[in-house]
Amino acid sequence: MHKERLWKAQQSVDEAAKHMTGIHRQRYHFMAPAYWINDPNGCVFFDGAYHLFYQHNPYAPVWGSMHWGHAISKNLVDWKHLPIALAPSEPYDDHPEGGVFSGSALSHQGALYLFYTGCTKADGLPVQVQCMAKSVDGGITFEKHPENPIIRQPPPGISSDFRDPKVLRVKDKWYMLIGASRGGGAQQGGDGCLLMYRSEDLEHWEERGVVASSNGAYGTMWECPDLFYLDGKWVLTFSPMLCGNRKVVYQVGEMDFEGAVFHCEAQGEIDWGQDYYAAQSFQGPEGQIVLIAWQNSWDWMPWWHGHGPTAAENWRGSMALPREVVLEADHTLSFHPIKELEGLRSGRREEKNLSIEQERHLIPCANSVCFELYMEIDLEQTTADILHLFLRDDGEQRIRLSVDISQRLLVFDRGFGADVPHGLCSCPLELEGATAILRIFSDVSSLEVFADDSRTTMSHAIYAARPDQCNTLCAENGTAHILRLTVWELIAC
Ligand code: FRU
């Protein structure tokens, strides 16, 4: 049955991909060949390549009947699509409003293992169980474990929101972390939490309890948890549901695997934008940690106003750029666009020592849509209160990104010049030091901003259809001194 379902799903995607001509398609971000994607899944470096799996509906550009799509890459920039890896096919994972939900991957004794949540429904409520699949052909085809589900129900006190297993090995044991909600449920005012299980053989799992929880402050359900070790500290990441403007957070601390408790020492936002969710980590061959996330948002988020116009083109969703995670001296984290992206640069334009005032200054660029912009602002010489960037301006609509120097804020306004509800988003900026560096990655349907040496990041899906766009700068209440402004064209395909 699984093989049949995979074949049918693949036929559907291949057929749609043949006719794919969408004008909103990204030029250097990961997308499926066609139809819907959401969370990254099973991020793993295995047998000399990075494997990225992802939540995928291979039949329509809307969420439903979740499968795992699959792609590989040597550098996290150039991707090759592989056959769909997992399809709903069994009583425990086959449902149009469920399917093969998110999870993780690991390699062990030459095989690649996938752990996922099988989601079905009973009496209108989700039924979520944890499952395993295995590949013995180098990570191409996967067999579901005959004893699935390997965890059949949530423990007492935990609601039916019980999903997204992350499995890792520490010393001689396996640990599984599962996102959950206790005392209610995601939509019923529960408390988001993280459960831990332990195993000797990957098949039999012993429940170890709640290792971390929201305590009313971090949402009603923790989706897509991840845990990794970075320079002597454990880092926990998760996507809390119904937590105001917060939707992807990290906590740095100590993980007591024996005592089953996480001690948080520092915490923060991975991204402040409206479209960055379900971040997952790759561990590279040199031990580097690279995060990747879904660049879109859910209907339950306060600012949500649709998934954009790309459904008409038979696709929806892309992944944000891979970011390398760095542990700072104060135990907070920074998130740096990976170095390999520099290989995409061409058509460099540069200006130095600019004095920007009220009048609009045209930002030079070889491509006004797909670009990387690097800007160094001299804060000591700058008298202006705010530096505005008007991006992707087609004469009618534009995005305004403002570095509010006097208030220390980064303000993103995607509704500027257009009637976009909830288009405004802002976050605190540190602006410490004599200069401030801003990096912006613009692709056809997204914009990612890195400030404060990548400690502050903001990602958005944007849909600016008209190709005749320009980018300008201006300052408010004084002069902004720009030491260097460099723009590269960025295109991968
Ligand atoms: C997060 C999420 C996961 C779930 C998946 C279903 O975006 O809701 O919790 O496994 O999406 O597609």
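This passage describes the ligand site of a predicted model and then some local features of its backbone.

The ligand sits in the largest pocket. Four elements each give two or more residues to the shell around the ligand. These are β1 (35–46), β5 (99–108), β9 (158–170) and β13 (222–230). In total, 13 residues surround the ligand. The closest are D39, Q55, R163, D164 and E223. By type, the shell divides into six nonpolar, three polar and four charged residues.

Polar contacts to the ligand come from side chains and from the backbone. The side chain of Q55 places an N or O atom 2.7 Å from an oxygen atom of the ligand. For W63, a polar side-chain atom lies 2.9 Å from a ligand oxygen. S102 takes part through its backbone: a polar atom there is 3.1 Å from an oxygen atom of the ligand. Taken alone, the ligand exposes 320 Å². The protein buries 95% of that area.

Attention now turns to the backbone. One peptide bond, between N148 and P149, is cis. Its omega is about -10 degrees. P149 belongs to the loop between β8 (143–144) and β9.

Two residues that are not glycines have a positive phi. For D47, phi is about 55 degrees. D47 is found in the loop that runs between β1 and β2 (49–57). Is D47 buried or exposed? With a relative accessibility of 66%, D47 counts as exposed, because the cut-off for that class is over 50%. For S65, phi is about 40 degrees. S65 lies in the loop between β2 and β3 (67–73).

Strand β2 also holds N57. The relative accessible area of N57 is 6%. Buried means under 20%, so N57 falls in the buried class. A polar atom of the N57 side chain lies 3.0 Å from the backbone nitrogen of Y59. Thus N57 is a buried residue with a side-chain polar contact to the backbone of Y59.

In brief, the predicted model places its ligand in the largest pocket, with 95% of the ligand's exposed area buried by the protein. Away from that description, the backbone features include the cis bond at N148 and P149 and the positive phi values of D47 and S65.

Terms used
Residues numbered from 1 in each chain as written. Predicted model: local features only at pLDDT ≥ 70, side-chain atom pairs only at ≥ 80, totals over all residues. Heavy atoms only, no water. Near = heavy atom within 4 Å. Polar contact = N/O pair within 3.5 Å; in protein donor to acceptor, adjacent residues only side chain to side chain. Areas by Shrake-Rupley, 256 points an atom, 1.4 Å probe, with all protein chains shown as cover. 1 Å grid on protein atoms, 1.4 Å probe; cavity = no way out; pocket = protein on both sides within 12 Å on 5 of 7 lines; lining within 4 Å. Sits in = over half its atoms within 2 Å of the grid points. Nonpolar A, V, L, I, M, F, W, Y, C, P; charged D, E, K, R; others polar. Buried < 20%, exposed > 50% of the residue type's maximum accessible area, 1.4 Å probe, protein only.
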